[in-house]
Amino acid sequence: MSDLTRRARELDSADELADKRKEFVLDEVVYLDGNSLGALPVAVPGRLEDVVRRQWGELRIRSWDESGWWTAPERIGDRIAPLVGAGPGQIVVGDSTSVNVLKAVVGAVRLAGEDRDEIVVDATTFPTDGYIAESAARLTGRTLRPVTPAEVPAALSDRTAAVLLNHVDYRTGRLHDLPALTAAVHAAGAIAVWDLCHSAGALPVGLDEHGVDLAVGCTYKYLNGGPGSPAYLYVRRDHQDRFDSPLPGWNSHAEPFGMRPSYEPAPGALRGRVGTPDILSMFALEAALEVWEGVSVDTVRAKSLALTDFFLECVAAYVPDGTVESLTPLAHEQRGSQIALRCDGADDVMRRLIERGVVGDFRRPDVLRFGFTPLYVGFEDVERAARVLGEVLDS
């Protein structure tokens, strides 16, 4: 047994989150793609069966009241809130991340006022955020200014209405400084909008603590809500009475069943709702979030950093020199919960890894991405993944 294998076993035996693995449907595969799609929690299939067979099949329309369908968006939002450092009543669940980005960016511009004519967007963002920001600029008659997160403070001015940033870069795994950037945006009198897709459920966010104005995120990555599970929108409490969504719907009306021709927004974060909630996906997500009972996000973060540190150590030991380069920062304060390695022939390397039971993903043109979900990834998984990567690259 190698020293690294022995250390992996010792680390697993001391892992206070190790028992959480039992709450997921896992197999012999080393699954390091939870930053794209989280593993299936054990509680989800039974919950969905109940929703389909009893709530829909037997209660039918009565389930809007008797099974809590109507209140699911805000109830599940309150369940997500502690994972991103938010108090209750500020998060509503529903729609996709893209739709919520549109709500947030246009809403942010409207909060900022008519005299501010520029939207700043993370130039390295996931493409959809960029597309939506461009569309929001057209819809609101603003100019779009793409800059890197490092360039944001210098780009801010009294023209800036809103700034859309990613907490963690989806490609490199770099963690951006949410507190400092939010403070800089506020100092310029602008509204800060954060995309939390690659951080929620993996590390502390501190939305309330750091005064974030608006935020969005998906639930199918580290929150394990399932493919296409609904996203969420955070509206800071003191903005809620002025938040003006570009997508007013009957479900966000102050009197949804009044069927009035004129729109009056519901109070609080509920005005972030639009249409009828997707009940099947919503309740799968609610069941998935049960795995977080009794779990501290700080504990998750500590394990995430330990896993990624150990992975980099194993890569250095097992992988032939010069064959990979880490794009993910080594410094803890700059790292999310994934490691991105630049590698020649990365698409073929990932295909061979998957054939050997190590699942990550590939981003063009040459990036191997490995996501570390602390609730179900162990240190022996990490050691095996790095060892197999070394063997593939050495063959």
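In this predicted model, W250 lies in the loop that runs between β8 (232-235) and α9 (279-288). Its relative accessible area is 33%. That value falls between the 20% and 50% cut-offs, so W250 counts as partly exposed. Leaving aside residues up to four places away in sequence, W250 touches W70, P256, F257, M259, V274, G275 and T276.

W250 and T276 also appear together in an annotation. An unreviewed UniProt entry lists both under "binding site". The other listed residues are T97, S98, F126, P127, T128, D129, D195, H198 and Y220. The listed positions span 180 residues in sequence. Their farthest two C-alpha atoms are 30.9 Å apart, so the residues do not all gather at one spot. One of them, T128, belongs to helix α6, which covers residues 127-140.

Helix α9, at one end of the W250 loop, also packs against another helix. The partner is α4, formed by residues 72-80. The axes of α4 and α9 come within 10 Å. They cross at roughly 25 degrees. Angles under 35 degrees count as roughly parallel, and α4 and α9 are therefore roughly parallel to each other. The crossing of α4 past α9 is left-handed. On the α4 side, the contact is made by A72, P73, R75, I76 and R79. On the α9 side, M282, F283, L285 and E286 take part. Six residues of this contact are nonpolar and three are charged. No polar residue is among them.

Note on methods:
Residues are numbered from 1 along each chain as its sequence is written. This is a predicted model: local features need pLDDT of at least 70, side-chain atom pairs count only at pLDDT 80 or more; totals for chains, interfaces and linings use all residues. Side-chain values use heavy atoms; hydrogens and water are left out. UniProt positions are given in the numbering used here, feature names are shortened, and annotations may be inferred rather than shown by experiment. Helices (H or I, at least four residues) and strands (E, at least two) are DSSP runs, numbered from the N terminus. Buried means under 20% relative accessible area, exposed over 50%, partly exposed in between (1.4 Å probe, protein chains only). Contact means heavy atoms within 4.5 Å. Axes are lines fitted to C-alpha atoms, for helices over the stretch in contact, and angles run from 0 to 180 degrees between N-to-C directions. Angles under 35 degrees count as roughly parallel, over 145 as roughly antiparallel, 65 to 115 as roughly perpendicular and the rest as oblique. A crossing is left-handed if the near helix is turned anticlockwise from the far one by less than a right angle, and right-handed if clockwise. Ala, Val, Leu, Ile, Met, Phe, Trp, Tyr, Cys and Pro count as nonpolar, Asp, Glu, Lys and Arg as charged, and the others, Gly among them, as polar.
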